[in-house]
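Got your viewer open? Let's take a walk through this protein together, one selection at a time.

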Amino acid sequence: SEHLLLSALFPIRFSCRYGWNIEDTTMNGMKKNAERLSIITKERVQDEFNKMLLSKNPIQALEKLMEINVMKFIIPELEEAYRMEQNKYHIGTVWEHSMKVLANVSLVSESLVLRMAALLHDIGKIKVKTIDEKGNIHFYQHETKTDIVRMILKSLKYPNEFIKDVIFLTKNHMRTKHWGDDCKNMRIRSLRKLQFECGKKYFDDLMILIDADNNAHAEGYCLPNQVPNILKASHNLEVEESDMFDYHLPINGNDVMEVRKIKPGEEVKRCLEYSIKLAYNNPKMSKELFLKHIKSY
């Protein structure tokens, strides 16, 4: 039965849940049955994996999965991350860094989406790793490799909405790095753009992920004050009522067509996109002023 085959996972989940140790005999039995997990339905594997991620000690669970050699039946890409060395900005391998980020997230959130995003936020590094002529390791644009995140989660039969949420967080986890620890490089229009694109749905979770990632970097390269500074600035915009959470333009396509004397088409779309960019500078702009800009655009 599936319950019997899943015996390679049950002890791990319960040990993390209750703080139990796993006896050597049990560990050997788990290793012996590991290969049989390949015939378990992905839905059942996903269910057990979710319970591990949501446990009080997901790091212990994931380390045990590696130890008994069953991760290759769940997220095989993590096996490559387990061995992948990084650059001076990090401590340890991609796996070790990801475990630290997951640990940081788990201290403040029980969201499965957020914990999964923490686990997979750097998985794109296995696709983009390069070494320059000086021997320096780089992972340029690793956050954009969301196809690998989608493939992993689809293979485990996660719902489309869940996949969409995890991808958004992983894709944007590098979004604020260049703002600096003190956020002196942050422009208010950039913060409003982030608010607009995240909405309330994603903003808080993204801040948790970014903060967890920042604090998991090597000393001298972590940004412990960045997210607190972003949250303070974001709150100030809300107080001033000049934030762009769930913002809606005061004009629509019909207004654009009327003022520019055009028919429906790409030009209308471009004008509305231009209007959003104007709003990043001044979301309180009146309808009349928007239309004046659109007329001369």
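Here's a tour of some helix pairs, then of the empty spaces. Keep in mind that this is a predicted model.

**Stop 1: α12 and α13**

Two packed helices are described by the angle between their axes and the distance between the axes. Try that out by selecting residues 188–214, which form helix α12, and residues 226–239, which form helix α13. Their axes come within 10 Å and cross at roughly 150 degrees. As for handedness, α12 passes α13 in a left-handed crossing.

Now show the side chains. On the α12 side of the contact you'll find I188, L191, R192, Q195, K200, F203, M207, I210, D211 and N214. They meet Q226, V227, P228, I230, L231, A233, S234, L237 and E238 of α13. Sort the residues of this contact by class and you get 11 nonpolar, four polar and four charged.

**Stop 2: α14 and α15**

Next, pick helix α14, residues 253–260, together with α15. These two pack at about 110 degrees, with axes 10 Å apart. Because of that angle, α14 is roughly perpendicular to α15.

Which residues of α14 and α15 meet? From α14 come G253, V256, M257 and R260, and from α15 come E267, V268, C271 and L272. The contact has five nonpolar residues, one polar and two charged.

**Stop 3: α15 and α16**

Stay with α15, which covers residues 266–281, and add helix α16, residues 287–296. The packing angle here is about 130 degrees, and the axes lie 10 Å apart. That angle is why α15 counts as oblique to α16. The crossing is right-handed.

To see the contact, select C271, Y274, S275, L278 and A279 on α15, then F290, H293 and I294 on α16. How many of these contact residues are charged? None: the contact of α15 with α16 has six nonpolar and two polar residues, and no charged ones. C271 may look familiar, as this α15 residue also turned up in the contact with α14.

**Stop 4: the largest pocket**

Time to look at the gaps. Rolling a probe the size of a water molecule over the atoms shows where empty space is left. The largest pocket has a volume of about 500 Å³. Select N87, Y89, H90, F139 and M174, the closest to the pocket's centre of the 23 residues that line it. By class, the lining has seven nonpolar, 10 polar and six charged residues.

**Stop 5: the cavity**

How many cavities of 30 Å³ or more does the structure hold? Just one. The largest cavity has a volume of about 30 Å³. To frame it, select L120, H121, I123, G124, H142, E143, K145, T146, V149 and T170, which line this cavity. Color them by class and you'll have three nonpolar, five polar and two charged residues.

Methods
Residues numbered from 1 in each chain as written. Predicted model: local features only at pLDDT ≥ 70, side-chain atom pairs only at ≥ 80, totals over all residues. Heavy atoms only, no water. Axes fitted to C-alpha atoms, helices over the stretch in contact; angles between N-to-C directions. Helix = DSSP H or I, 4+ residues; strand = E, 2+ residues; numbered from the N terminus. Parallel < 35°, antiparallel > 145°, perpendicular 65-115°, else oblique. Left-handed = near helix turned anticlockwise from the far one by under 90°. Contact = heavy atoms within 4.5 Å. Nonpolar A, V, L, I, M, F, W, Y, C, P; charged D, E, K, R; others polar. 1 Å grid on protein atoms, 1.4 Å probe; cavity = no way out; pocket = protein on both sides within 12 Å on 5 of 7 lines; lining within 4 Å. Points joined across faces, edges and corners; volume = space filled by probe spheres on them.
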